[in-house]
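Trainee: Please pick one part of this model and go through it closely. I want cut-offs for every term.

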Amino acid sequence: MTVDRAQELGEQFCREHFPGHQALVCTHPDGHNHSGNIHVHIVINSLRIAEVPLLPYMERPADTREGCKHRCTDAAMEYFKAEVMEMCHRENLYQIDLLHGSKNRVTEREYWAKRKGQAALDKENASPASAGEPPKVTKFETDKEKLRCTIRTALSFSISFEDFSGKLLQQGVTVKESRGRLSYLTPDRTKPITARKLGDDFDRAAVLEMFFIKNIFRVRILRRENSVWILREWNWNVTNIMRSYGFLRLKKVALNERFD
């Protein structure tokens, strides 16, 4: 991939998907961290200066009319993501999955907080290192990273949502549910952090699926072994169990039974 080719693809994408809009297409040869990440920015004038044909992501007659504004709906964003992935596939470029969420969702604000925190920690550790003393902490963790770790630990040792909520409460984290969505309130905050900002692994659907699979596994094992022994063993080794090939096969069987 070259800068010229990236610019050409950006202009082509803009012509196909934003007709009737004035646009600025700018290609950067590198990212802020000197990673060699060639990328394209597209900025459009939201006011349409000409009538255009109806495109797949458009929903209303006004979406094609001159003098009307561009509407960036959820459906439009899904369509644009799919088109970007298709373009990258056509050009034989590496492409991440834009249509599905991230297990760990890191916002731009958290990203920069981590970089600044790591830089400050490295500077703080420079003096002890020069004196021959090993630093106690070498990796900076944001508050959200610590919260993700706390939630995952509670999930690993819980067998129900109530058990999960209780274990988090012991760590000072309160789980709240509103309109089918989870959020987590830590002791140092007045406003909870939504699961959406933490990642897909922490939303209600993922948490409940975890308990469903774990309870299916528990019931099947208890039929074969001593209840007390296997339950203790299962609770302490749930992470290793879930990584195993046997558990993945069991999960597939359990989900098939669930929807039969």
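Mentor: Here is a close look at one helix, its two faces and its end.

This is a predicted model: local features need pLDDT of at least 70, side-chain atom pairs count only at pLDDT 80 or more, and totals for chains, interfaces and linings use all residues. Numbering starts from 1 along each chain as its sequence is written, and side-chain values use heavy atoms, without hydrogens or water.

Take α2. This helix (a DSSP run of H or I, at least four residues, numbered from the N terminus) covers residues 74–90, 17 residues in all. From first C-alpha to last, α2 reaches 24 Å. That is close to the expected 24 Å, taken as 1.5 Å times one less than the number of residues.

Now its inner side. A76, F80, M87 and C88 of α2 are buried (under 20% relative accessible area, with a 1.4 Å probe and protein chains only). Look down the axis of α2: these buried residues fall within an arc of 105°, so they line one face of the helix. The arc is that of the directions from the helix axis to the C-beta atoms. Part of the cover over the buried residues of α2 comes from α1, residues 3–17; contact means heavy atoms within 4.5 Å.

Turn α2 round. The face away from the buried side carries D74 and H89, both exposed (over 50% on that scale; partly exposed lies in between).

Last, the exit. Just after α2 comes N92, with a positive phi of about 60°.

Conventions. Helix = DSSP H or I, 4+ residues; strand = E, 2+ residues; numbered from the N terminus.
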